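Q: I am new to this structure and would like to learn how to read it. Please take me through its features one at a time.

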Amino acid sequence: MIKLFKQHAASSGGVQWVIAGLGNPGSKYEKTRHNVGFEAIDLLAKELGVSVNRSRFKALCGEAEIAGQRVLLLKPQTFMNLSGESTREALAWYKVPVERLIVLHDDISLNPGRIRIRAKGSAGGHNGLKSIIAQHGSDNFPRVKIGVGMPPHPDYDMPDWVLGTFDKNDGLAVADAICRSIKAAEEIIRRDVMSAANRYNSTDFKPEG
């Protein structure tokens, strides 16, 4: 299997993994709950010393190296509900199997400050994941869920919630979760999903002091 992946990389420009952070383009969506995937990609790019500013695959993207593997960092610019168009084009171009697509995204079922790593699974109501699963015809790709919390009451408008911003305490918790989410993505590439889940699937964030 490792040899096969190396053959894919050799025949398609060297990219062996794609890490996609989900969000909506434009300044009006910055710092919203739905855009934590974009924030994770930006932080990962900063730590790796690369830019994610090349326009390709209906996305902003950039290449980096993690644990000796060439990785494409991807921020789809299609808006959330069409995220799969971008990931499909990128994987098809580089001949990367869907199992080597890592998706970083918000999750309302997790409290702010928590992350959860999964090897595969359903969309769980997340429109970005729905689009990716539909476009690839598979849910067999790892994802790192970043908790953004549930609305305060059941009749709260969900679009308003996910397109809203964090208060100070939740913002601190989510910033910490984003840091751990990119470490989890790196661990998936270095080792595997199980190792990442064992290390980074977390309890609630507890600020110091």
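A: Let us begin with how open a side chain is to its surroundings: at 26% relative accessibility, Glu89 counts as partly exposed, because that class lies between buried (under 20% relative accessible area) and exposed (over 50%), with a 1.4 Å probe and protein chains only. Bear in mind that the model is predicted, so that local features need pLDDT of at least 70 and side-chain atom pairs count only at pLDDT 80 or more, whereas totals for chains, interfaces and linings use all residues. Residues are numbered from 1 along each chain as its sequence is written, and side-chain values use heavy atoms, with hydrogens and water left out.

Q: Which residue forms a salt bridge with Glu89?

A: A salt bridge is a side-chain nitrogen of Lys or Arg within 4 Å of a carboxyl oxygen of Asp or Glu. In this structure the partner of Glu89 is Lys58, and their closest N and O atoms are 3.5 Å apart. Glu89 belongs to helix 3 (residues 83–94) and Lys58 to the loop between strand 2 and strand 3, so the pair ties together parts that are 31 residues apart in sequence. Lys58, at 40% relative accessibility, counts as partly exposed. As for the names, helices (H or I, at least four residues) and strands (E, at least two) are DSSP runs, numbered from the N terminus.

Q: How many salt bridges are found in the whole structure, and which residues are linked in a network?

A: The search of the whole structure finds 10 salt bridges, and Arg54, Glu63 and Arg70 are the residues linked in a network. Glu187 is also worth following, since Arg191 forms a salt bridge with Glu187 at 3.1 Å between the closest N and O atoms, and Arg199 forms a salt bridge with Glu187 at 3.4 Å. This second pair links distant parts of the chain, with Arg199 in helix 7 (residues 193–200) and Glu187 in helix 6, 12 residues apart. Glu187 is buried at 2% relative accessibility, while Arg191 is exposed at 53% and Arg199 is exposed at 52%.

Q: How should I read the sheet, and what is the order of its strands?

A: Strands of a sheet pair through backbone hydrogen bonds, either parallel or antiparallel. Two strands are taken as paired if DSSP finds at least two bridges between them. Here an open sheet of 7 strands has the order 2-3-4-1-5-7-6, with mixed pairing. Strand 2 and strand 6 stand at the edges with a single partner strand each, so one side of each has no neighbour in the sheet. From one strand to the next, the twist averages 25 degrees.

Q: Where do the strands form hairpins, and which residues in the turns have a positive phi?

A: Strand 2 (residues 54–56) and strand 3 (residues 59–66) run antiparallel and are joined by 3 bridges, with Arg54 opposite Cys61 and Ser55 opposite Leu60. They form a hairpin with 2 residues between them, and Phe57 in its turn has a positive phi of about 60 degrees. Strand 3 also runs antiparallel to strand 4 (residues 69–76), to which 8 bridges join it, and Leu60 stands opposite Lys75. That hairpin has 2 residues between its strands, and Ala67 in the turn has a positive phi of about 50 degrees.

Q: Which side chains of strand 6 are buried, and which are not?

A: In a regular strand the side chains alternate between the two faces of the sheet. Along strand 6 (residues 115–118), Ile115 and Ile117 point to one face and are buried, while Arg116 and Arg118 point to the other and are not. Strand 6 is joined by 4 bridges to strand 7 (residues 143–147), which runs antiparallel to it, and Ile117 stands opposite Val144.

Q: At what angle do helix 2 and helix 6 pack?

A: Angles run from 0 to 180 degrees between N-to-C directions, and axes are lines fitted to C-alpha atoms, for helices over the stretch in contact. Helix 2 (residues 36–48) and helix 6 (residues 168–190) pack at about 65 degrees, with their axes 9 Å apart. Where they are in contact (heavy atoms within 4.5 Å), the residues of helix 2 include Val36, Leu43 and Leu48, and those of helix 6 include Val174, Ile178 and Glu186.
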